[in-house]
Amino acid sequence: MSDGMKRRDFLKVLGVTGAGAATVGCSTGQVEKLIPYVIPPEDVVPGTATFYTSTCRECPAGCGILVETHEGRATKVEGNPANPISRGNTCARGQASVQGLYHPDRYRGPSIAEDVGVPGRDVSWSYAEGALARRIQELGAKGQGASVVFLTGGYGGTMGRLADDFVRAIGARRVDYAPLEDTPRDLDFANADLLVAFGADFLETWGSPVDYSWQFAQMHAYRDGRRGRFVWVGPHRPLTGLNADLWIPAKPGTEVAVAQALAGQLPVAQAAQQAGLTDAAAKRLQTAVDWWKGAGSKLALGPGYAVAGRGAGALQAAVDGLNGRPTSPARADLRPVVQLVEDMKAGRVQMILIDAQNPAYSLPGGLGFADALKKVPTRVSFSPFPDETATLCNWILPNHHFLESWDDYTPRPGVVELVQPAMRPVFNTRQAGDVLLSVAAHLDQPAVGGGAGTYYDYLVRAWAGVASGDAWRRAVKRGGVYGAAPAGSSAVAAAAPAGAQAPAYDGTGDLHLVVYPSYRFFDGRNANRPWLLELPDPVAKVSWDSFLEMHPDTAKRLNVGQGDYVSVKSPHGSVEVAVYVYPGVRRDTVALQMGMGHKAFGRYTKDRGTNAFALLGASAVDAATGAYSPGGVMVSVTPTGASTERYKEGLFSVASGLYETGVRVQHDRELAQAVGLADIAALDRRGAGEIPGKSEEIEELKGAGGFRPERTTTDPAAYPPPGTQYGEYIQHSTRWAMAVDLSRCIGCSACTVACSAENNIPVVGPTEIKKGRELFWMRIERYFDPGQDEEAAYRDDATDDVRFLPMLCQHCNNAPCEPVCPVYAAYHTPEGLNGQVYNRCVGTRYCANNCPYKVRVFNWFTYEFAEPLQWQLNPDVTVREKGVMEKCSFCVQRIHEGERNAAVEGRATRDGEVVPACVQVCPTEVFVFGDIADPNSRVAKAATSNRSYRALAELNTQPAIVYLKKVTLATPANSEHGEAKPAPFGGDEHQPQGGR
């Protein structure tokens with residue numbers, strides 16, 4: 001407890017009798033009441049989790065989820081195995097959704113203010129709904145009903161019909177604003193031989209990332225002696241691009257020439273010239289053309305928003321022509337939104353109801369939405385958060401979080417999903433559908449809702465034709481109705497003609513600007529989740545900040561280095577941002593992520609980073625089609641003179657600005673290994689391999705209680721080693737282990753956030769992160785080069801063989817952390833886990849110093865969970881305080897739960913019954929967990945691959961984690977154990993790269 005318990009408070013607790021008991025809260029120091037159940041709910045068993053099916057609404061993909069609850073509070077989100085989109089998996093944004101539910105800066109209830117900047121007065125919901133109805137009546141009486149506008153987000157299905165009925169009844173109009181939601185979510189390429197993506201970052205934000213990540217792993221990972229190929233076409237390489245085998249760095253706006261070359265409509269040399277390719281890139285284009293011609297099953301994807309400029313229509317036609325059929329839905333038309341801005345500026349809007357994704361932030365800054373909104377007399381926001389749009393409104397009617405709501409959603413044809421509440425509302429919020437029905441009742445409009453008193457009633461009636469009665473209950477239990485998708489169109493779309501019109505650019509700067517959605521924050525709607533802010537960007541490994549991707553040659557020309565601040569100016573605005581020197585971007589291009597730079601949106605996000613939308617103008621909305629087209633903007637970049645300075649704080653060198661965690665090269669440590677496709681296929685033809693260490697015999701002091709040498713192998717399955725009968729070990733017992741397939745890891749870091757959610761890992765904030773005090777139990781290392789030369793990470797070919805390495809506690813058989821602990825807090829369990837006794841640890845950190853994998857973290861402080869974020873805490877896991885070392889436990893609480901369930905049924909645990917959080921979340925199925933001592937287990941079979949190895953095996957730590965090498969098309973470059981060079985800033989190899 002942070003403040004301890006006073007003797008007087010203790011006596012108060014003892015004196016409490018009756019219906020409730022009291023105790024002192026660990027964070028508040030106040031006496032709180034514990035009220036026991038008089039009549040326990042049927043579906044609540046204290047200490048046992050209850051799961052509810054629902055649909056994730058953090059992005060348009062609509063993954064089916066299971067929400068874990070404990071005594072009425074949601075604690076964790078998992079994928080729904082019955083859902084055809086998620087298949088039991090989720091992404092990092094879905095894992096962090098509970099932090100949106102419990103966010104401490106959510107609106108507590110409805111309020112009405114006289115004007116912007118004037119504190120609103122709290123009102124009841126009945127008063128707010130009645131007052132809103134009266135205001136609508138007043139406008140209708142004046143003949144101004146048409147001056148009422150309902151600006152909605154990605155409504156669909158039942159809620160969309162209710163909104164249409166509502167605006168029709170009051171004579172208003174509805175305007176849709178659903179950015180980034182018009183991408184295909186029904187593509188099937190799991191068995192393709194070749195993928196070509198035109199800026200479509202389908203592993204991050206485009207389409208259905210969880211579904212597409214699984215499909216990508218099926219087609220691209222090594223299996224049965226083969227693997228598919230992937231080509232990325234675009235001016236820079238985001239996470240999806242880093243997973244490609246071939247990069248065609250076309251100049252922004254010229255991607256259609258590459259598509260025409262693939263289709264055989266344009267000579268490769270001419271296409272390379274139009275796309276601004278170097279000689280080396282032109283050879284890659286020829287390779288891509290050859291691959292396309294020779295591939296059996298192939299698919300082109302795109303265009304993504306990073307390449308969506310004024311020529312996006314022609315590029316879409318070219319992509320459809322390559323596929324022989326339309327593969328994307330019609331682009332969303334934003335022209336009504338542009339017209340709405342003009343109407344607000346002209347005073348033609350008297351009332352606006354806003355339930356959309358923060359248009360004051362996410363619309364192009366040059367449109368001037370925020371200034372136009374201020375001219376509307378009555379501005380009503382349904383946002384649950386104080387975002388940029390809500391803070392400009394004088395009526396706040398906060399909506400439920402989706403984990404508190406009823407709704408439905410159709411993410412793709414044939415899949416109709418249900419959103420159901422997993423718990424009661426945390427605050428005094430109300431679902432927007434209930435507000436519309438109540439206001440309609442005040443207005444005496446029975447046609448709206450057909451007499452339904454609540455939105456739940458309206459939803460059940462709307463589903464009467466789909467599922468009613470028992471079918472409705474089954475749909476709720478399963479999460480929806482999942483049928484076969486209707487057959488797609490077989491019509492061949494016409495490709496853009498050869499010699500398409502040259503791209504047009506907006507502005508006179510000398511650098512192309514790429515604005516693209518963020519994997520962590522999407523278009524900014526997820527940017528207030530602390531876990532996502534602290535999670536390092538999968539590519540840049542930067543957290544809590546924005547960064548401008550810039551080629552090393554461009555940085556040298558501008559005389560700026562890593563972390564230096566520059567001013568980026570477009571015809572529509574300017575921003576200041578730190579430079580991230582990165583060879584995965586063209587020399588004539590800079591790239592900036594969406595999502596940060598909020599002026600509101602809560603304590604964690606306000607005034608942090610840079611808003612990329614400020615650099616966009618009206619040209620970001622195609623005048624001909626209304627499609628969202630953020631590409632085609634030219635900017636000028638000039639140094640500001642400010643830089644990422646490093647200063648001494650005690651014994652540490654600390655970055656005050658941009659901070660890149662980890663290192664870019666492997667320093668010859670062979671941590672993330674790779675093997676060529678031809679080489680591994682030849683090995684597999686000779687037969688299966690064996691678990692690393694199975695045949696390696698050594699002598700260790702294990703006999704006679706550690707005084708006599710015993711000959712043994714280093715096989716993790718041969719556990720426990722001979723001579724350990726003096727302890728609590730049982731021969732031929734369970735040895736928990738994990739296999740990690742680097743050929744399937746895309747670097748998304750969903751496992752990192754899932755680990756934080758499951759194991760109550762707090763965020764430490766940007767200051768502590770820059771001191772190297774992060775608390776992640778699991779991290780994804782990203783390496784550009786296996787060798788020792790740091791300059792190799794800045795060469796043009798540095799991104800051609802990027803390796804992602806999940807790194808967590810290795811649960812070593814010869815754990816270096818255990819013998820150095822003076823209080824025996826680090827110990828080995830009878831099942832092979834490297835355990836940690838928190839209440840015994842005194843924080844000497846000897847174990848961390850002795851760990852070669854650097855996977856132990858230290859609590860420098862007792863980190864607080866701002867009220868009510870602590871409601872998310874998993875009751876099965878201890879919350880650690882300052883002075884304690886902690887690390888991955890293989891989710892030991894889940895292991896014990898599986899063992900208890902098996903013991904109750906009188907059997908041994910089944911293979912696959914115990915699933916740690918990282919294994920459960922992974923959309924590409926990187927991890928296999930189980931008892932490696934059982935030769936028939938999945939983990940034992942995976943470990944016998946010819947690709948298997950153990951990290952730093954030469955140290956004889958005998959890890960329980962077996963890695964499988966990444967499979968590359970060509971024979972990969974591996975480390976040569978060259979002479980070590982001094983690391984930058986006088987540190988060691990674990991200090992971040994930069995300063996150049």
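Here is a short chat about reading cysteines, nonpolar cores and strands in a predicted model.

Visitor: Let's start with cysteines. How many disulfides are there?

Guide: A disulfide is a covalent bond between the sulfur atoms of two cysteines. In this structure the count is 0. Take C59: its nearest cysteine sulfur belongs to C91 and lies 5.8 Å away, while a disulfide needs the two sulfurs within 2.5 Å. For C891, the nearest cysteine sulfur is that of C755, at 6.2 Å.

Visitor: Is C59 buried or exposed?

Guide: C59 is buried, with a relative accessible area of 10%. C891 is buried as well, at 7%.

Visitor: Okay, on to cores. Which residues touch the most other members of the largest nonpolar core?

Guide: In soluble globular proteins, nonpolar side chains tend to be buried together. Here the largest nonpolar core has 194 residues, and the ones touching the most other members are F189, F202, I352, M738, F890 and F927. Look at F890: leaving out residues up to four places away in sequence, its contacts include W736, M738, L833 and I961. There's also a second, separate core of 36 residues, with W125 and W395 among them.

Visitor: I961 sits in a strand, right? Which way do the residues of β40 point?

Guide: Strand β40 covers residues 961-964. I961 and Y963 point one way, V962 and L964 the other, and all are buried.

Visitor: And which strands does β40 pair with?

Guide: One is β31 (residues 736-741), which runs parallel to β40 over 4 bridges; there, A739 stands opposite V962. Another is β39 (residues 948-949), antiparallel to β40 with 2 bridges, where Y949 is the bridge partner of Y963.

Notes
Residues are numbered from 1 along each chain as its sequence is written. This is a predicted model: local features need pLDDT of at least 70, side-chain atom pairs count only at pLDDT 80 or more; totals for chains, interfaces and linings use all residues. Side-chain values use heavy atoms; hydrogens and water are left out. Buried means under 20% relative accessible area, exposed over 50%, partly exposed in between (1.4 Å probe, protein chains only). A nonpolar core is a set of buried Ala, Val, Leu, Ile, Met, Phe, Trp, Tyr and Cys residues joined through side-chain atoms within 4.5 Å. Contact means heavy atoms within 4.5 Å. Two strands pair if DSSP finds at least two bridges between them.
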